[in-house]
Amino acid sequence: MIWENFYGNFRLIGMRYFLLAFLLFLLFYIIFRNKWLYKKIQPRFPKNKDYIREILYSVATMMIFAFVSAIVFSHPLVRPHTTLYKNITEFGWVYYFVAFPLMLVIHDTYFYFCHRLMHHKKIFNYVHLVHHQSTNPSPWAAYAFHPLEAFIEIGILIVFAFSIPIHKTHLLIFFFFMIVYNVYGHLGYELYPKGFGKHWFGRWINTSVNHNQHHQYFKGNYGLYFLFWDRILGTIREDYEERFDEVKKRTIPLK
């Protein structure tokens, strides 16, 4: 039963990753590579060996994600103790929809503090360096983690499974959103509109420019979905908003 779920989870996770990353890679890095180059946050492209490294580590990450999720929700000694429920009416539709923003806040908090910990000088080289080999990330970098970091990343599933009531569809929708935002964060292009970084709402939302700076400089900008913790704890880069505006103000160069 566990291995059946492992293979099923791996297929689902892999399908989402490869379809989404390939689609955006095809558009931004192949079809419109030259036409949209002026929009690229770092106006250069990674090398082919970088793409290969990112994909290989991502495959290993997906295997770890699939294995942990299979254990949590299939092992007879674990599953009965989780907060997973089957009938949505058991907790009602209001809770069902409220759970999604709650999951985002919990995950963002979990990620921020784990991320900062992984940047500690005594841990970084053993856990987080693999991900930071992508100093100019591509969509394939979304899951390019060292195996130790992959276990830390999937730890959020364990947090959910033993803290708040969780429905199967919560997990399906949430983890789909997670990979979408993760690929966007590593896209190398900014999709939010001009002025978003300074907008009263946008200044609290993480962006591709923000995370790209983190990959480029290795310091600051530790958030995942939001910038709450970065702004509250003073870890947001001082040049972030200026950089966002610079990227969005670029125009097509004259020929």
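Helices and strands are runs assigned by DSSP, and they are numbered from the N terminus. That is the meaning of labels such as α1 or β1 in what follows. The model above is predicted.

Start with the largest pocket. Its volume is about 570 Å³. Four elements, α1, α2 (48–74), β1 (84–85) and α8, each supply at least two residues of its lining. Among these, α1 provides the largest share, with 6 residues. In total, 23 residues line the largest pocket. Look for N9, F73, K168, L171 and L172, which lie nearest its centre. What is the chemical character of this lining, by class of residue? It divides into 13 nonpolar, 6 polar and 4 charged residues.

Now turn to the surface. L12, M15, L19, L172 and I173 form a nonpolar patch there. Together they have about 440 Å² of accessible area. Two helices, α1 (2–31) and α8 (168–185), each supply at least two of the patch residues. Helix α1 gives the most, with 3 residues. L12 is a good residue to find on the model. It lies in helix α1. L12 counts as partly exposed because its relative accessibility is 30%. L172 deserves a second look too. It belongs to the nonpolar patch, and it is also among the residues nearest the centre of the largest pocket.

Next comes the second largest pocket. About 190 Å³ of space lies in it. Its lining is made of F28, W36, Y38, K39, Y189, E190, L191, V247, K248 and R250. By class, that gives 6 nonpolar and 4 charged residues, with no polar ones. Keep R250 in mind, as this residue returns below in a salt bridge.

Pockets are open, but a cavity is closed: a 1.4 Å probe fits inside and cannot get out. How many cavities of 30 Å³ or more does the model have? The count comes to 1. The largest cavity has a volume of about 230 Å³. It is lined by 25 residues, and those closest to its centre are F111, F145, N182, H186 and L224. The helices α3 (92–118), α6 (147–153), α8 and α9 (208–217) each supply at least two residues of this lining. Helix α8 gives the most, with 6 residues. The lining holds 11 nonpolar, 12 polar and 2 charged residues. So helix α8 appears in three places: it supplies residues to the nonpolar patch, to the lining of the largest pocket and to the lining of the largest cavity, where a residue lines a space if one of its atoms comes within 4 Å of a point in it.

The charged side chains come next. Side chains of opposite charge can pair when their charged atoms come close. The structure holds 6 salt bridges. One of them joins the side chains of D245 and K198, at 3.0 Å from N to O. This pair links distant parts of the chain, with D245 in helix α11 (residues 240–248) and K198 in the loop between α8 and α9. The two residues are 47 apart in the sequence. Is D245 buried or exposed? D245 is buried, because its relative accessible area is 12% and the cut-off for buried is under 20%.

Another salt bridge pairs D239 with R237. Their closest N and O atoms are 3.1 Å apart. D239 has a relative accessible area of 26%, so this residue is partly exposed. R237 is partly exposed as well, because its relative accessibility is 23%.

Then there is E246, whose side chain meets that of R250 in a salt bridge of 2.9 Å, N to O. E246 is partly exposed, with a relative accessible area of 34%. The contact belongs to a wider set: R243, E246 and R250 are linked in a network of salt bridges. R250 also helps to line the second largest pocket.

Finish with two tyrosines. Y51 is found in helix α2. At 8% relative accessibility, Y51 counts as buried. How far from the C-alpha atom of Y51 is that of Y112? The two atoms are separated by 26 Å. Along the chain, Y51 and Y112 are 61 residues apart.

Terms used:
Residues are numbered from 1 along each chain as its sequence is written. This is a predicted model: local features need pLDDT of at least 70, side-chain atom pairs count only at pLDDT 80 or more; totals for chains, interfaces and linings use all residues. Side-chain values use heavy atoms; hydrogens and water are left out. Patches are made of residues with over 30% relative accessible area and no salt bridge: like charges are joined within 9 Å, nonpolar side chains (Val, Leu, Ile, Met, Phe, Trp, Tyr) within 5 Å. Accessible areas come from the Shrake-Rupley method with a 1.4 Å probe; for residues, only the protein chains shown count as cover. A salt bridge is a side-chain nitrogen of Lys or Arg within 4 Å of a carboxyl oxygen of Asp or Glu. Buried means under 20% relative accessible area, exposed over 50%, partly exposed in between (1.4 Å probe, protein chains only). On a 1 Å grid over the protein atoms alone, a cavity is a set of points where a 1.4 Å probe fits but cannot get out, and a pocket is an open set with protein on both sides within 12 Å along at least five of seven lines; lining residues have an atom within 4 Å of a point. Grid points are joined across faces, edges and corners, and a volume is the space filled by probe spheres set on the points. Ala, Val, Leu, Ile, Met, Phe, Trp, Tyr, Cys and Pro count as nonpolar, Asp, Glu, Lys and Arg as charged, and the others, Gly among them, as polar.
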